[in-house]
Each structure stands twice: as structure tokens, then as C-alpha cells.
Amino acid sequence: MKPTTSSTTPSLRIHVDRKSCYGHALCVFKGPEVFELDDEGYCISDGILVPEGQEEQARASAEACPERCITIIEETASNDSSED
Amino acid sequence: MAMDIPPHVPRELVFDFDFHTDQRLRDDPQRGFRSLYELPSIFYAPHYGGHWVISGYETVFDALHSPDIFSSEDQHIPPSDEPQFGQIPVMQDPPEHTVYRRLISPLLSPKAVGALEARTRVLASELIEGFKDRGQCDFVREFAALVPVTIFLRLMDLPTDKLEEFRKWSDDFFSAGTEEALRAANDQILAYISGHISSRRGSGANDFISALWREEVHGRPITQEEMEAICMLLFIAGTDTVTNTLGFSMRHIAEHPEIQERIASNPSEIPEAVEECLRLFSTSNVQRRVACDTTFRGVAMKRNDMAVVLTSTAGADSEMTDNAETFMLDRGRKQHLAFGAGPHRCAGSHLARIEIKVCLQEWFKRIARFGIKPAAEVPTRAGTVMGIMSLPLTWDL
């Protein structure tokens, strides 16, 4: 499932190093529209695309993660054709 | 404090610091622990058998993520040959820790404790309504000490007639400076909970104790002994900590009318205020035992050295943030290790955040301006886990 961004605006993809997630849940505190937790409270948002308009939330969440396990990767439309 | 310093400890890393009674910790223990930033981030304190003191965000973070060096098993300060009376899983290392941690995480997940927010709100508002018209209260005794214990007792489905004793038992536990005192405090709590635990075996109810009885570890049913060790931890970790963080935070806010004004006129900022409270007024440090001869961040350590890891002051590291000692709602990144990090990250952190947030919200809805009662005594306790025993506040009616 790929975004159909018409312009050259890069889309942002979230990478979560799940083995480093210890369930602080600050990603959801800072980015409730972006991040999601499983029933035990661990982040399950690895690999998702940041919804348009929520870029600031996503960045704040990555910065807030005490385990430093969230990175945000810029993808330009041209190299966004990789397989899932 | 005359004692032999072990030969592997360099003399320039030895500093006289007693984490229960040092002068710097009197009245304002957090400020006292923060003052240790003048010393090396790893130093050796010649008290309670001698132990390392580890501070600074990066150093503490590193220690918490090195369970193979800093073990949670058999950590005693002072050291002891007595078998350790356990708290599970806080006194275990991975992979064993992981087995037990898996049992309690779902009970305290954000989803599970989210349902407690409304209940906490009713409780907090009832308590405040009870003393609001008096123009004064003891914030700790009449409010902060009651909310977390009441919620805890409901989760465990235990009777609420022992509230006063609970507070005293926690205080005895955390102020114990000797092995005997610690054991006595431990036995007091255990004597109370063990009967309640055994009577829930086979119950189909949904309280924590009944739910834990239905769990298995290593493919066999959980035992009474394991249940006691888990419930001891929940009791010790789940009550006193929130009370004291609220108490120390409110003392600071009571002394700063500008913070009161800001919060009262912007109540939507309370969740951010909670993070700032946690950054400066967290009450828990942790203890570890060095598991092997090693060099940690350039310092040689020997197997069975003990360490106090200052998680409480990690958020006030001036390397990490500007004006680190100042309470600032506008601080962008309120980074702290109040709940630790790594495998032992506080499982109750989500409930703690809800309780602190709701208590502040309900308070500021009703009492926007207040101060510490003139000439009032505000007794505090230092140690690995700090405490504030009383905080008399007054306000205009």
C-alpha cells in the first residue's frame, strides 16, 4: 500500500526497533494520531507511514522515546516503490 | 565511617556520602542528590559496606541497559549473606525476569489502567471536596497518601481499613538502614498480604491476586511463594512512590505562585506538567550488584560490588537540557528516567502518570492559589527511595 503523493514532498516512514521497546508508551503520549500500542503496551507502529499533517507529532514521539528506538525515514516518491 | 576501601577502588573516586543521612539530603533530598553532579558520575561511597554511586543521564541509561554487569539479583546495601527475600520481578535478571514480567505487564498496560482514570477522578475530587472549605489540609496525609493506596487496594481487592498502617509499613521499609530493620519491615507487609493471597487461590475473580493465580510459569502453576514476591513488589512500588512524587512536586508548586497561575489558567498543560514533575521530583533510585569483574565507563569494578543508580536525578542532567534545575513547562524535551529504562522499566508507570495527572487536575479545578502553611514542618526522608511525610498547605476561602 503506497501513498499516491502527487508532488515531490517526501513521505515519512516510521521505523521502530521493537526489541528495544520496553513499553514506556511515550510515543502514544506525544503522537496519539500516529502511534499504536499492543495490549501489553508495546509499540506496534513499525513500518507505517506518517499520516499527512502529523509529521510534527511523529518527530516529537521519536524524540521522546526514552529507549531511542524510533527513527523516522524520509522516502521520496521515486524510491518509494520498494516491496513491502 | 572508617572502613577499608577495597584495593580496586581508586582513592580519587572515594567521596563521603551517606545516602540516608548526608547533610545535603536534609529537607530537600532531590536537590541533595542533584548536588552530586559536582562529583564524578561514578564514585565510591564508604558507607553501608561501601558501594558505587552512579549518576548522569547517559551513565545511568547505560547501567540500566547492562543487566549482565549490573545485576538485580542479590543486591543488598549493606551486603548480606542472608538469602534475599525476593520481590519478583524487580530482583531478577533476564531471561528469568522476562518470564515473570510477562505476567504483570498486561495487568498494568495503558489499556488496562486507562479504565481506572474515571475511578481515580471520583476519589480525588471527593477527597478535595472534603477539605476544600477548611482553607487548609495536609496535602500528603489527607490526599497524596490516600489516592494511590486506595486504587491499589481496589486493584488487589483488599479491605481499605489498613490505610494508615500501609503508609507506615512502606516508610519503615524504605527508611531501613540495616538488614534487620529491612527484614522486619518486609515481614510486617508479608504477614498482612500472605493470608489474602492464599485465600484467593482458585478464585475466578478479576482482581490482580486472583488473576495472577491463574498464571503459569515454566509450564507449572505459580506458587504461593512467587505470588508473595510479586505482591510485595506491587505493594512496595505501587503506593509510596506516587504519594511522594506528588508530595515533593506540590511542595515546589506551592512555593512558586507563577507555576500555580500558569497551570490554573492552562489546565490542558497538566500532562506536560506531570513530566516536569517526574523530571525533577521523582523519588526512586535503584540498587544493583556488579555481576562480574569488569570495567564500566573506565572504572574498574569487582564482582559483588554494590551500586546505587541515581535514576531520580537523571532528568536534571545539565548535559541533556538547559536550566536543568528549573521547573519549566515550556521545556520542549522533558527527558527523565523516573521510571527507569531497559528491561526493568517501571511496569506501573502508566498508572502512576494517570494518578498524578488526575490529582493535579482535580486539585487545580478547585484550589488555584495556595501556599505552605507558615512555620509548618515538612519532614522528608532520603535513601534509595525518598519520601515526604507531611505537607501542610493553606489557601484563601
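These exercises, each with a worked solution, concern a predicted model.

**Exercise 1. The nonpolar core**

Task: Identify the residues of the largest nonpolar core that touch the most other members, and state which element gives the largest share of this core.

Solution.
- Step 1. The largest nonpolar core holds 128 residues.
- Step 2. The residues that touch the most other members of this core are C27(A), V60(B), I230(B), L233(B) and V309(B).
- Step 3. The largest share, 10 residues, comes from helix α11 of chain B, residues 224-238.
- Step 4. A general tendency is relevant here: in soluble globular proteins, nonpolar side chains tend to be buried together.

**Exercise 2. Helix α2 of chain B**

Task: Decide whether helix α2 of chain B is mostly covered or not, and say what covers its buried residues.

Solution.
- Step 1. Helix α2(B) spans residues 57-64, and 6 of its 8 residues are buried. The helix is therefore mostly covered, taking buried to mean 20 or more other C-beta atoms within 10 Å.
- Step 2. The buried residues are Y57(B), T59(B), V60(B), F61(B), A63(B) and L64(B).
- Step 3. Their cover includes strands β1 (42-45), β2 (51-54), β3 (70-71), β7 (286-290) and β10 (306-309) of chain B.
- Step 4. V60(B) can be followed individually. Apart from neighbours within four places in sequence, V60(B) is in contact with I54(B), S55(B), V309(B), L310(B), T311(B), A314(B) and L337(B).

**Exercise 3. Two sheets in chain B**

Task: Give the strand order and the edge strands of the 5-strand sheet and of the 3-strand sheet.

Solution.
- Step 1. The sheet of 5 strands is open and mixed in pairing, with the order β1-β2-β10-β7-β3 in chain B.
- Step 2. Its edge strands are β1 and β3 of chain B, each pairing on one side only.
- Step 3. Within this sheet, β2(B) and β10(B) run parallel and are joined by 3 bridges. W52(B) has A307(B) in β10(B) as its bridge partner.
- Step 4. The sheet of 3 strands is also open; its order is β4-β14-β11 of chain B, and its pairing is antiparallel.
- Step 5. β4 (136-138) and β11 of chain B each have a single partner strand, so one side of each is left without a neighbour in the sheet.
- Step 6. β4(B) pairs with β14(B), residues 392-394, over 3 bridges in the antiparallel sense. D138(B) stands opposite P392(B) in β14(B).

**Exercise 4. Backbone exceptions**

Task: Locate the cis peptide bonds at P89(B) and P95(B), then state whether A25(A) and A375(B), which have positive phi, are buried or exposed.

Solution.
- Step 1. I88(B) and P89(B) are joined by a cis peptide bond with omega of about 0°. P89(B) lies in the loop between β3 and α3 (96-104) of chain B.
- Step 2. The bond from P94(B) to P95(B) is cis as well, with omega near 5°. P95(B) is placed in the loop between β3 and α3 of chain B.
- Step 3. A25(A), not a glycine, has a positive phi of about 70°. It sits in the loop between β1 (11-16) and α1 (26-30) of chain A. A25(A) counts as buried because 21 other C-beta atoms lie within 10 Å.
- Step 4. A375(B), also a residue other than glycine, has phi near 65°. Its loop runs between β11 (371-372) and β12 (380-381) of chain B. A375(B) counts as exposed because it has 6 C-beta neighbours inside 10 Å.

**Exercise 5. The surroundings of I69(B)**

Task: Place I69(B) in its loop, classify its exposure and list its contacts.

Solution.
- Step 1. I69(B) belongs to the loop between α2 and β3 of chain B.
- Step 2. It has 18 C-beta neighbours inside 10 Å and so counts as partly exposed.
- Step 3. Beyond neighbours within four places in sequence, I69(B) is in contact with V290(B), A291(B), C292(B), T294(B) and F296(B).
- Step 4. The C-alpha atoms of I69(B) and H344(B) are 14 Å apart, for a separation of 275 residues in sequence.

**Exercise 6. Chain A and its interface**

Task: Describe the make-up of chain A and the side of chain B that touches it.

Solution.
- Step 1. Chain A has 2 helices and 2 strands, in the pattern β-α-α-β along the sequence.
- Step 2. Of its 84 residues, 31% count as buried.
- Step 3. Across the interface, 14 residues of chain B are in contact with 11 residues of chain A.
- Step 4. On the chain B side, the elements giving two or more residues are α4 (110-114) and α15 (349-366).
- Step 5. By class, this side has 6 nonpolar, 5 polar and 3 charged residues.

Terms used
Residues numbered from 1 in each chain as written. Chains lettered and ligands numbered in written order. Predicted model: local features only at pLDDT ≥ 70, side-chain atom pairs only at ≥ 80, totals over all residues. Core = buried A, V, L, I, M, F, W, Y, C linked by C-beta atoms within 7 Å. Buried ≥ 20, exposed ≤ 12 C-beta atoms within 10 Å, placed from the backbone. Helix = DSSP H or I, 4+ residues; strand = E, 2+ residues; numbered from the N terminus. Contact = placed C-beta atoms within 7 Å. Nonpolar A, V, L, I, M, F, W, Y, C, P; charged D, E, K, R; others polar. Pairing = 2+ DSSP bridges.
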